[in-house]
Amino acid sequence: MQLQFGAEQIEAWAGLSGDRNPIHFDREAARRMDAADVVVHGMLALLPVKQRMGRVNPVLPQDWMQFKALLKTPVLRDSTVALSTRERSDSTGFKLHSSADNSEHVIGHVRIVEAPEWSSTTPGFLLAREEVAAWLARFRDDLGRELDDWVALDALIFSHFIRNHLGVIFDCLSPQFRQRQRPNRLEDLSDHLVVQTSHQITFCTSLRSLGELQTDIRCEIDNIHLIESPGKAVGTLDLGVHVSDRHVMTITLGLMIKALPTSQGAMQ
């Protein structure tokens, strides 16, 4: 399976997620980050990978599946990448790699897992139904017409988090990471770069459907674990996702936060 991501798709995901880091649009900005060309958003590159890997195993509607990906190197605009899979004893491994030199961009696996327990003391947030309906319609039209509901739900929650809730990360960090204002939105990032390093989704396979996702969606942010060093912090956090008051998905984000020498921050 070969994939390519062009400027139109990059713009579509930027519009959905709010991530307009210049490295996704400007070649010179990308080169300053040691990339040879414009960088494809990691979540954009993962969309067709999730769809393909989410269908490798036969399941019942009440089963749970785990998709785990480690983002190693960026995919570049208009470059051709290939998805390879390998069966293991308890999972199916995958690799998204360059068609030119076989260098790895993303590695990971999918497997069937036990239904996880979710418990949180955080108040969480309810997504407005009208906004969810509009976002999902736009997602379907621009990028995800043939993508399963779990892929769409994961993309929706990720986009909502980076648009509105980045402040929870900085609340857990020491003063060396404090900005002039609490950066709830991507636009508020002025002194730091937030980089996604991994993405794990554990989801109920009833979401392996198309266009049946309800708009009554609530999310809780919990289990934030960060390790600091001078100018950098790495760690994970969980997003517990509920549809119609039923826990259907847990998203675990791996993140790296870096202090910038300039006043230009962004999400990569």
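How many helices and strands are there in the chain? I looked this up before anything else, keeping in mind that the model is predicted. I found six helices and 11 strands.

**Overall form**

I then checked the radius of gyration, which is 18 Å. The globule rule gives 18 Å for 268 residues, so the chain is as compact as a globular protein of that length. Along the principal axes, I noted a box of roughly 50 × 50 × 35 Å for the C-alpha atoms.

Next I looked at how the chain packs. Buried residues account for 53% of the 268 in the chain. Among contacts with a separation of 6 or more, 69% are between residues 24 or more positions apart.

**Surface and charge**

I recorded an accessible surface of about 12,500 Å². Carbon and sulfur atoms hold 48% of that surface. For charge, I noted 28 positive and 34 negative side chains. The centres of the two sets are 4 Å apart.

**Aromatic rings**

I went on to the aromatic side chains and have four aromatic pairs in my notes. One of them is Phe67 with Phe94, whose ring centres are 5.3 Å apart and whose planes make an angle of 15°. The cut-off for stacked is under 30 degrees, so this pair goes down as stacked.

Where in the chain do Phe67 and Phe94 sit? Phe67 belongs to strand β2 (residues 64-71) and Phe94 to strand β4 (residues 92-98). They are 27 residues apart, and I entered the pair as a link between distant parts of the chain.

Are these two residues buried or exposed? Phe67 has a relative accessible area of 0%, and Phe94 has 4%. Buried means under 20%, so both residues count as buried.

Phe67 also pairs with Trp150. Here the ring centres are 6.1 Å apart and the planes stand at 55°. That angle falls between the limits of 30 and 60 degrees, so I entered this pair as tilted. Trp150 is in helix α5 (residues 149-164), 83 residues away from Phe67 in strand β2. This pair, too, links distant parts of the chain. I checked burial here as well: Trp150 is buried, as is Phe67.

Which residues make up the aromatic cluster that includes Phe67? I listed Phe67, Phe94, Trp150 and Phe203 as one cluster. Within this cluster, I have Phe67 in a stacked pair with Phe94 and in a tilted pair with Trp150.

Definitions and conventions. Residues are numbered from 1 along each chain as its sequence is written. This is a predicted model: local features need pLDDT of at least 70, side-chain atom pairs count only at pLDDT 80 or more; totals for chains, interfaces and linings use all residues. Side-chain values use heavy atoms; hydrogens and water are left out. Helices (H or I, at least four residues) and strands (E, at least two) are DSSP runs, numbered from the N terminus. The radius of gyration is taken over C-alpha atoms; the globule rule is 2.2 Å times the number of residues to the power 0.38. Buried means under 20% relative accessible area, exposed over 50%, partly exposed in between (1.4 Å probe, protein chains only). Contact means heavy atoms within 4.5 Å. Accessible areas come from the Shrake-Rupley method with a 1.4 Å probe; for residues, only the protein chains shown count as cover. Lys and Arg count as positive and Asp and Glu as negative; His and the chain ends are not counted. The place of a charge is taken as NZ of Lys, CZ of Arg, CG of Asp or CD of Glu. Rings of Phe, Tyr and Trp (its six-membered ring) pair if their centres lie within 6.5 Å; planes under 30 degrees apart count as stacked, over 60 as edge-to-face and the rest as tilted.
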